Amino acid sequence: MSQTIASAAPISPLRRRMIEDMTVRGFGEKTQSDYIRHVKNFSTFLGRSPDTAEGEDLRAFQLRQREQGVQPPTMNGAVAALRFFFTTTCDRPEMARHLRLVKQPQKLPVVLTTDEVLRLLEAAPGAKYKAALGVAYGAGLRVSEVANLKVSDIDSERMVLRVEQGKGRKDRNGMLSPRLLELLQEWWLVGQPTTWLFPGRDPLLPITTRQLYRVVRDTADAVGIEKRVSPHTLRHSFATHLLEQDVDIRVIQVALGHSKLDTTARYAHVASKLLRDVTSPVGAGRLLPLYPQQRTKSVVAWRMALRATTGPHQS
């Protein structure tokens, strides 16, 4: 990573030291790039070298971010980068106490129905993208994991996909169902990939995550899916659909590569079948209608009102 950054343009000794510190700690390329960007943004705000900042400068920087509408994930990314910069590179750990993490609203992941997933995969432009999106959904892989798959990662004897250096720089095995294996074999016969399973425009390089994002977004628009869809939506849908099939949540945790069960458990909040199959305490008890003689009449009136409000297709 240090060579990548250094080759772009001459860099200051301070930035070089930070890159070396991150390299020693085994930070991934994306993390290093993000950290450098956040520190550069702070330096631009400060108007001088960032190692000369004081606590009030950090406070003012976070206030400016708030005023500009910077989202919590970006603000917290800056906090992580600046904490590392001051604590490790500058050896000024006392500066970290001036940085505040921003509470992020907890939002449920967007999940597609099985019908929507099928429409999306069938409409994907070409065999390569059908196979790539099929892997994202059929194995629940992250978009970066899909992009970096190699032909040699397909283990058809053990029926697993080998994921090398996924999130957290961890290797793991992904699910490989018989139908997904068939889909990948069909793609191999057409595309004849040699090294990368899904090569990019330059066959010596893998497909980019940006290409996959664009294809998913454009395909979803083309088939009339109004939800906000990304490759990660297919991963969310994979986990939710397994949970609705009564697959043990610990198995899903392993398939997703989650280190904590709590991370996987959030899919229980969007698994609609689980809610439908649970009997409400109201239904299980002996709660009588308010007006028993008018019960049938009330149900008919309710349905007519619902049709008038939402249209017959949603009744």
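Biologist: What makes up the lining of the second largest pocket, by class?
Modeller: By class, eight nonpolar, six polar and three charged residues line the second largest pocket. Of the residues nearest its centre, Tyr 137 counts as nonpolar, Gly 134 as polar and Arg 179 as charged, because Ala, Val, Leu, Ile, Met, Phe, Trp, Tyr, Cys and Pro are called nonpolar, Asp, Glu, Lys and Arg charged, and the others polar. This is a predicted model, in which local features need pLDDT of at least 70, side-chain atom pairs count only at pLDDT 80 or more, and totals for chains, interfaces and linings use all residues. Residues are numbered from 1 along each chain as its sequence is written, and side-chain values use heavy atoms, without hydrogens or water.

Biologist: Why is this called a pocket, and how many residues line the second largest pocket?
Modeller: It is called a pocket because, on a 1 Å grid over the protein atoms alone, it is an open set of points with protein on both sides within 12 Å along at least five of seven lines, whereas in a cavity a 1.4 Å probe fits but cannot get out. It is lined by 17 residues (an atom within 4 Å of a point), and helices H6, H7, H9 and H11 each give two or more of them (helices are DSSP runs of H or I, at least four residues, numbered from the N terminus).

Biologist: What makes Tyr 137 a contact partner of residues elsewhere in the sequence?
Modeller: Contact means heavy atoms within 4.5 Å, and, leaving aside neighbours within four places in sequence, Tyr 137 of helix H7 is in contact with Thr 114, Val 117, Leu 234, Ser 237, Phe 238 and His 241. Phe 238 lies 101 residues away along the chain, yet the two C-alpha atoms are separated by 5.4 Å.

Biologist: How do you know how confident the predictor is?
Modeller: The pLDDT, from 0 to 100, is its confidence in each residue; the mean is 86, with 83% of residues at 70 or more, whereas residues 1-7 stay under 50.
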